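Hello,

Here is the structure I promised to hand over. Please open it first, then read on for what was found.

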Amino acid sequence: MLPEIEIGPLTLQTFGICFAAAFLAAGAVVGKRLLELGKPVDWAYEMAFVALVGGLVGARADFLIQNLDDVSDDVLGNLFSGSGLVWFGGVVGGALGVILWAWWRNYLSLGLLDLAAPALAIGYAIGRVGCQVSGDGDYGVE
């Protein structure tokens, strides 16, 4: 378990590093597949961005809903705090973001599922490594 890496005066969170790496890896997989399909590779950046924003909004909203009794005294403060992201809310928010993006780009089809599946798998795997390394405790007692 290594929640932080210190490089001189800079402290990096291992979960944040894996979070970023997961989106970069997923975006690279989508970009490669878009190239094979003859679609604009720039769509990979757009998809990763809307998935990131939608996922963060969904994860935070799910956390606030599940813990409303605990956060009701300072909802705005808890909205922007550094902890409390719920995985299921992130999946739903990210998926909604990508679906809206695909509708906007006229790419809403079953091919989108084929495009997204490998990227979701690698992103999820890297994210779970980040949880374990940071000591998040997703898989039992430390």
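The protein chain holds six helices and two strands. Keep in mind that this is a predicted model. Read along the sequence, the pattern is β-β-α-α-α-α-α-α. The C-alpha trace of the chain spans about 45 × 35 × 30 Å along its principal axes. The chain has 142 residues, and 32% of them are buried.

**The pocket**

Start with the largest pocket. Its volume is about 1,400 Å³. It is lined by 43 residues. Closest to its centre are Phe-23, Trp-87, Gly-90, Val-91 and Leu-120. Four elements give two or more residues each to this lining: helix 1 (14-37), helix 2 (42-66), helix 5 (87-104) and helix 6 (110-134).

Which helix gives the most to the lining of the largest pocket? Helix 6 does, with twelve residues. What is the lining made of, by class? It has 29 nonpolar residues, eleven polar ones and three charged ones.

**The nonpolar patch**

Next, look at the surface. A nonpolar patch there covers about 1,100 Å². Its members are Trp-87, Phe-88, Val-91, Val-92, Leu-96, Ile-99, Trp-103, Trp-104, Leu-108 and Tyr-124. Helix 5 gives the most to this patch, with eight residues.

Two names come up twice. Trp-87 and Val-91 belong to the patch, and both are also listed among the residues closest to the centre of the largest pocket.

Trp-104 is a good one to click on. It sits in helix 5. Is Trp-104 buried or exposed? Its relative accessibility is 59%, so Trp-104 counts as exposed. The cut-off for exposed is over 50%.

**The salt bridges**

Side chains of opposite charge can pair when their charged atoms come close. How many salt bridges does a search of the whole structure find? It finds three.

Take Arg-33 and Glu-36 to begin with. Their closest N and O atoms are 3.0 Å apart. Both residues lie in helix 1, three residues apart, which means that about one helical turn separates them.

Arg-33 also forms a salt bridge with Asp-114. Here the closest N and O atoms are 3.5 Å apart. This pair links distant parts of the chain: Arg-33 is in helix 1, Asp-114 is in helix 6, and their positions lie 81 residues apart in the numbering. Arg-33 is partly exposed, with a relative accessible area of 27%. Asp-114 is partly exposed too, at 47%.

The other salt bridge joins the side chains of Arg-105 and Glu-46, at 2.6 Å from N to O. Arg-105 is in the loop between helix 5 and helix 6, and Glu-46 is in helix 2, so this pair ties together parts that are 59 residues apart in sequence. Arg-105 has a relative accessible area of 29% and is partly exposed. Glu-46 counts as partly exposed as well, at 24% relative accessibility.

Which residues do shared partners join into one network? They are Arg-33, Glu-36 and Asp-114.

**Two single residues**

Asn-106 deserves a look. It lies in the loop between helix 5 and helix 6. Its phi is near 60°, a positive value in a residue other than glycine. At 73% relative accessibility, Asn-106 counts as exposed.

Ala-116 is found in helix 6. Is Ala-116 buried or exposed? At 17% relative accessibility, Ala-116 counts as buried, because the cut-off for buried is under 20%. Ala-116 and Asn-67 are 49 residues apart in sequence. In space, they are 31 Å apart, C-alpha to C-alpha.

**Where to look again**

If time is short, go to helix 6. It gives twelve residues to the lining of the largest pocket. It holds Asp-114, a salt-bridge partner of Arg-33. Ala-116 is in helix 6 as well.

Then turn to helix 5. It gives eight residues to the nonpolar patch, and it is one of the elements that line the largest pocket. The loop between helix 5 and helix 6 comes next, with Arg-105 and Asn-106.

Best wishes

Definitions and conventions: Residues are numbered from 1 along each chain as its sequence is written. This is a predicted model: local features need pLDDT of at least 70, side-chain atom pairs count only at pLDDT 80 or more; totals for chains, interfaces and linings use all residues. Side-chain values use heavy atoms; hydrogens and water are left out. On a 1 Å grid over the protein atoms alone, a cavity is a set of points where a 1.4 Å probe fits but cannot get out, and a pocket is an open set with protein on both sides within 12 Å along at least five of seven lines; lining residues have an atom within 4 Å of a point. Grid points are joined across faces, edges and corners, and a volume is the space filled by probe spheres set on the points. Ala, Val, Leu, Ile, Met, Phe, Trp, Tyr, Cys and Pro count as nonpolar, Asp, Glu, Lys and Arg as charged, and the others, Gly among them, as polar. Buried means under 20% relative accessible area, exposed over 50%, partly exposed in between (1.4 Å probe, protein chains only). Patches are made of residues with over 30% relative accessible area and no salt bridge: like charges are joined within 9 Å, nonpolar side chains (Val, Leu, Ile, Met, Phe, Trp, Tyr) within 5 Å. Accessible areas come from the Shrake-Rupley method with a 1.4 Å probe; for residues, only the protein chains shown count as cover. A salt bridge is a side-chain nitrogen of Lys or Arg within 4 Å of a carboxyl oxygen of Asp or Glu.
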